[in-house]
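Visitor: I'd like a close look at one part of this structure, please. Could you walk me through it slowly, since I'm new to this?

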There are 2 protein chains.
Amino acid sequence: MSRISWDGYDAGVFRSRRSRLGRALGDLVALIPAGMPRPRNYPANVHPFRAESHYLYLFGVPIAGAMGVVDGERAVLFVPPPEADAALWYGAIPSGGEIAERAQVEVRPMDQLGQSISGRAVACVAVHDPVTDEAVRAAIGRRVDRDRLSPEDERLADAMVALRLIHDEAAIASIRRAAEATTMAHRAGRLATRPGRTEVEVRAAMETEIVARGMTVAYPSIVTVHGEVLHNEARLEVIGDDDLLLADVGAESADGWASDVTRTWPASGVLSKTQHAIYEVVLDAQRTAIAMVRPGVRYRDIHLAASRRIAEGLVALGLLRGDVGEIVADGVHALFFPHGVGHLLGLDVHDMEDLGDRAGYAPGRTRSEQFGLRYLRLDRDLAPGMAVTIEPGIYFVPAILDSPELAAVAGDRLVRSELARFADVRGIRIEDDVLCTTGEPEVITAAIPK
Amino acid sequence: MSRISWDGYDAGVFRSRRSRLGRALGDLVALIPAGMPRPRNYPANVHPFRAESHYLYLFGVPIAGAMGVVDGERAVLFVPPPEADAALWYGAIPSGGEIAERAQVEVRPMDQLGQSISGRAVACVAVHDPVTDEAVRAAIGRRVDRDRLSPEDERLADAMVALRLIHDEAAIASIRRAAEATTMAHRAGRLATRPGRTEVEVRAAMETEIVARGMTVAYPSIVTVHGEVLHNEARLEVIGDDDLLLADVGAESADGWASDVTRTWPASGVLSKTQHAIYEVVLDAQRTAIAMVRPGVRYRDIHLAASRRIAEGLVALGLLRGDVGEIVADGVHALFFPHGVGHLLGLDVHDMEDLGDRAGYAPGRTRSEQFGLRYLRLDRDLAPGMAVTIEPGIYFVPAILDSPELAAVAGDRLVRSELARFADVRGIRIEDDVLCTTGEPEVITAAIPK
C-alpha cells in the first residue's frame with residue numbers, strides 16, 4: 001500500500017458521481033473493485049499501482065484491494081486489512097476513520113463485504129487481475145466475464161458509460177493538468193532532438209518532465225524515426241540528419257486522467273519539401289476535424305471529413321488519382337491513413353475501452369468491416385463535456401502498400417511511381433485533445449507547437 | 001508484440017544454459033513460459049512487457065505468450081500466432097525461421113505444444129498472469145500453483161536455483177551494464193538535489209539517465225527525504241535545507257538484469273554533525289560486510305557482523321547501552337536496523353524471490369522469527385559467481401521505536417533521551433552490488449560516490 005495523497009481531493013466530486021450512479025441503478029447494487037498492483041517479474045516487485053478507472057471515477061482514493069459499493073444514495077468503501085508490518089515499511093497508514101472523514105464515505109473492513117450485499121442484486125465491472133477476480137467471486141458468488149456480462153453487469157456498464165462520457169468540471173480540470181505536463185514534455189522533446197542522438201534520449205527528455213511533476217505516462221511513449229510503425233516503442237535508433245521524429249507522448253495526472261498528444265518534427269529543425277507537403281496535408285485534415293468537434297456532430301463524419309481532406313491532399317500531390325468521393329467511399333485513402341481520427345479521452349487514454357465498443361459506439365452503431373474505418377474507435381454524436389482526440393496521420397507502411405488485397409481495392413488510383421519521391425516522410429501524425437463545448441471546440445493541448 | 005532487438009544476443013549463452021538445465025532434469029521436460037504484458041488500466045493499455053526471468057535466463061528472446069521447452073539437449077520455442085494486422089501496427093515481425101536462426105533454437109507454432117509434450121512428465125514454473133496460467137493448464141492439463149508445487153515442479157525449481165545462483169560471464173556482463181546506468185543515475189541525482197526542489201524532480205533526473213540508455217528501472221525508485229519510511233515512493237515533498245535525501249534507484253539492463261543501489265546525501269551538500277555520526281556507522285558496517293563477501297562465508301554471518309558494527313556504533317553514540325553481543329543476540333539493534341543486510345541479485349532485483357525462500361535459504365535453513373532477522377532474505381554460503389547486495393542502514397522509525405513489544409525487548413538498553421538529538425537523520429542506507437569471486441569481493445557499483 002502506498003501512502004494516500006489527499007492533495008486536491010474533493011470529496012464532493014466523488015459523492016456527486018456516486019449519487020448519480022446510485023440513482024441510475026435503482027435497486028441494483030454496484031460493486032466497484034480498486035484492483036491490485038500488477039507483478040512485474042515476481043509477485044513482490046510490482047508495477048506502480050494504478051487503480052481501476054471506474055473505481056477512481058467514483059471513489060478517487062487509490063487503495064489496492066479495496067472494493068467500493070454504491071447502493072442508491074449509500075456508498076461504502078470496503079478496505080483490506082493492512083499488511084503485516086505495514087507501518088514499518090510504508091509509514092503511517094491512514095485509518096478507516098481518516099479515510100471515512102476525508103472521503104466522506106462509510107468505510108468498513110473487507111470481511112464485511114459479503115454479508116453487506118448478501119441477498120441483493122449486484123452488478124460488477126470486469127477487472128483483469130486474478131486476485132481481484134477471486135475476491136469478486138468470493139463476494140458475489142460468480143465470476144464477472146468481460147465477454148459475457150450478466151444483464152445486471154450490462155446495466156452497470158451502460159450507467160458508467162453514460163456518466164463518464166460527459167466530463168464534469170473536476171474531470172476537465174484534471175485533464176488540463178495532464179495536458180500541462182504533456183505540453184512541457186513535448187517542448188522538451190523538440191529541444192532535445194538533434195541528429196546523432198538516439199530515440200530513447202529524446203523519450204527520456206520528454207518523460208522526465210512528466211515524472212518531475214509527480215505524474216506518469218498515460219500509455220507507453222512512442223518516440224521514433226519510424227513513424228510508419230504505428231505502435232513503435234522507442235529504441236536505441238540514432239536520429240539521422242534528414243529524419244522526422246514522431247513523438248506520441250501523454251501524461252496521466254496524479255488522479256489518473258489522461259492526455260494524448262502526437263507531434264512530428266524534423267531532426268534538423270527544417271522539413272524537407274516532401275515532408276512539408278505531407279505535413280501540411282495532415283495539419284489541414286486536423287484543422288478541418290477539430291473545427292467539427294461540436295454538439296450533435298457524428299464523430300464518424302469527422303473521421304470521414306479528415307479522410308476526405310487527406311484524399312484531396314494526396315491527389316494534389318500525385319500519390320492518389322481519381323474521384324475523391326469514391327476514394328474515401330472505397331477506403332483507398334486508408335492505404336496512407338489506416339487508423340481512426342481519434343477516440344474518447346478520460347481516465348483511460350482510450351476511455352472506457354475496457355467495456356469494448358459499448359462506450360465508443362452509440363447503440364445501434366457497429367464497426368465497419370472496411371480496412372481503415374474498422375479501426376475507428378468512436379462513433380457517437382458529440383455532446384458538450386465529451387473529450388476526444390483528433391489525430392489524423394499519413395504513413396508509408398510497407399505492409400499496407402505491398403498488400404495484394406489492398407492493391408486490388410486501390411487499382412490504378414494508387415500512383416506507385418510517386419511513392420519513392422516521399423521516402424523521407426515515413427509517418428506523420430498530429431494529435432490534440434479536444435473538448436466539445438456548447439460553443440467553439442476547445443483544444444486542451446493548444447499550447448504545444450505544431 | 002514489440003520488435004525484438006538482437007543487439008548483443010549471444011545464442012551460445014542461452015544454449016549452454018538450456019543444456020545444463022536439460023542435463024540436470026534428465027527425462028523431465030521443463031516448460032518455461034515467457035508470460036504476457038500486464039494490463040495497466042484496461043487490457044489494451046499494458047505496462048511495458050517484461051518477460052519472466054526463468055524464460056529470459058534460458059531463451060533471452062522476449063516474445064509475449066511464447067513457451068520454451070527444454071527436454072534434455074533439445075529445446076523448442078513455441079510461439080503464438082501473430083496478432084491480426086501485427087505487421088501494420090508493429091512493423092515487420094520476425095518469422096519463426098528468423099528467430100530459429102538467430103536464437104539457434106527450434107521454433108514451432110504454439111498449437112503444436114500440447115502434442116509435443118503429451119505423455120511426458122512435465123515441470124513448469126509458476127507465473128502470475130491469468131492468460132499464461134490458462135495456457136499452461138491447457139498444455140499440461142494442470143495448474144501450477146506457486147504455493148503447492150508438484151514434485152516435478154520442485155525439481156525444476158531446484159534446478160533453476162542451482163543454475164541461476166552462480167552467474168556466468170554473460171550474466172555478470174549484463175549486471176555490469178545495469179550498474180553503469182545506475183552509476184550515471186546516482187551521479188545525476190546528487191547533482192540535481194538542492195533545497196526547494198521536490199523529491200520527484202530528483203527522481204526524474206535519475207531515471208532519465210536510465211531511460212536514455214534504453215533501459216528501465218529494476219524496481220520502483222525510492223527517492224525521499226523520509227528515509228525512515230523504508231518503502232516510500234517519491235512524492236512531491238519539497239526538499240528542506242537540512243534534509244538528507246535517500247535514493248534507492250537501480251537500472252535493469254536491456255536484457256533484464258538488475259542493479260540495486262542506495263545512496264543517502266545531504267540536500268545542502270554537507271552532513272550535519274549528527275548525520276555525519278550516523279552515516280559513518282552505516283558506512284563502517286557496509287565496509288565490514290563487503291569485505292566478508294568471500295567463498296564459503298555464510299551470508300547470515302555477514303548480516304550479523306554488520307549488525308554488530310551498527311550496535312557498536314550506536315553504543316558509542318549513546319543511543320544504545322549494554323553488551324554489544326547481547327544487543328545483537330537479542331535483536332535490540334534491529335530497532336534501528338530492522339531489515340536484512342542484503343539479498344541475491346540477478347535477473348530479479350531480489351533474485352528468484354518468485355520461488356520463495358527456496359533460492360535465498362540453503363536447504364535446512366529457515367527464517368528466524370526474531371524481529372529484524374526475520375526479514376533477512378538470504379542465508380546461503382557464498383560461492384564465486386554469486387551477486388548480492390550489501391545494504392545496511394540506520395533508521396529512526398516511529399512505528400518501531402514506539403512499539404511496546406520491541407520496547408520490552410530493548411529494556412533500558414535503548415536510550416530514549418538521546419533520540420531527539422538525531423532528529424535530522426530519519427534514515428540512512430548505503431547499498432552496493434557485490435560479486436563474490438575466488439579472491440577479493442568485487443564491488444560492481446564502486447564508481448558511485450559515497
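Visitor: How many residues of chain A are in contact with chain B, and how many of chain B with chain A?

Guide: Happy to take you there, and keep in mind throughout that this is a predicted model. On the chain A side, 65 residues are in contact with chain B, and 65 residues of chain B are in contact with chain A. There's another way to put a number on such a place. The size of an interface is often given as the accessible area lost when the parts come together. Here the area buried between chain A and chain B is about 5100 Å², and carbon and sulfur atoms give 58% of that. If you want particular residues to look for in chain A, try A:Arg40, A:Tyr42 and A:Trp89: they lose the most area to chain B, together 15% of what that side buries.

Now for charges. Side chains of opposite charge can pair when their charged atoms come close. Between chain A and chain B the count is two salt bridges. A:Arg40, which you've already met, forms a salt bridge with B:Glu252, and the closest N and O atoms are 2.9 Å apart. There are also 16 residue pairs in polar contact between chain A and chain B, counting pairs with both residues at pLDDT 80 or more.

Which pieces of chain A make up this side? The elements that give two or more residues to it are helix 3 (86-90), helix 9 (199-211), strand 6 (216-217) and helix 14 (398-401) of chain A. Helix 9 of chain A provides the largest share, eight residues. Sort the residues of this side by class and you get 31 nonpolar, 15 polar and 19 charged.

Let's stay in chain A and turn to how its own parts meet. The domain assignment gives chain A a domain 1 (11-165) and a domain 2 (169-443). Taken over C-alpha atoms, the centres of these two domains of chain A are separated by 34 Å. Where they touch, 16 residues of domain 1 of chain A are in contact with 18 residues of domain 2 of chain A. The area buried between the two is about 1400 Å², with carbon and sulfur atoms giving 56%. Three residues to pick out are A:Val161, A:Arg164 and A:Leu165, which supply 39% of the area that domain 1 of chain A buries against domain 2 of chain A, more than any other three residues.

You'll find charge pairs at this boundary too: five salt bridges cross the interface of domain 1 and domain 2 of chain A. A:Arg50 forms a salt bridge with A:Glu252, the closest N and O atoms being 3.2 Å apart. Ten residue pairs are in polar contact across this interface, again with both at pLDDT 80 or more. On the domain 1 side, the elements giving two or more residues are helix 1 (11-25), helix 2 (53-58) and helix 7 (151-165) of chain A. Helix 7 of chain A gives the most, with seven residues. By class, this side of domain 1 of chain A has eight nonpolar, two polar and six charged residues.

Salt bridges turn up elsewhere as well, with 76 found over all chains in the whole structure. One of them joins the side chains of A:Asp379 and A:Arg298, at 2.6 Å from N to O. That pair links distant parts of the chain, 81 residues apart: A:Asp379 sits in the loop between helix 13 (357-360) and strand 11 (387-390) of chain A, and A:Arg298 in the loop between helix 10 (273-291) and helix 11 (299-316) of chain A. A:Asp379 has a relative accessible area of 1%, so A:Asp379 is buried. A:Arg298, at 23%, is partly exposed.

There's a network to find as well: salt bridges link A:Asp284, A:Arg308, A:Arg309 and A:Glu312.

One last stop is A:Arg143. Its side chain meets that of A:Glu134 in a salt bridge (3.1 Å, N to O), and A:Glu134 counts as partly exposed because its relative accessibility is 32%. A:Asp133 is in contact with A:Arg143 too, and also with A:Val127, leaving aside neighbours within four places in sequence. You can find A:Asp133 in helix 6 (residues 130-140) of chain A, where A:Asp133 is partly exposed, with a relative accessible area of 26%.

Note on methods: Residues numbered from 1 in each chain as written. Chains lettered and ligands numbered in written order. Predicted model: local features only at pLDDT ≥ 70, side-chain atom pairs only at ≥ 80, totals over all residues. Heavy atoms only, no water. Contact = heavy atoms within 4.5 Å. Buried area = accessible area lost by both parts, 1.4 Å probe. Salt bridge = Lys/Arg side-chain N within 4 Å of Asp/Glu carboxyl O. Polar contact = N/O pair within 3.5 Å; in protein donor to acceptor, adjacent residues only side chain to side chain. Helix = DSSP H or I, 4+ residues; strand = E, 2+ residues; numbered from the N terminus. Nonpolar A, V, L, I, M, F, W, Y, C, P; charged D, E, K, R; others polar. Domains from an automatic or database assignment. Buried < 20%, exposed > 50% of the residue type's maximum accessible area, 1.4 Å probe, protein only.
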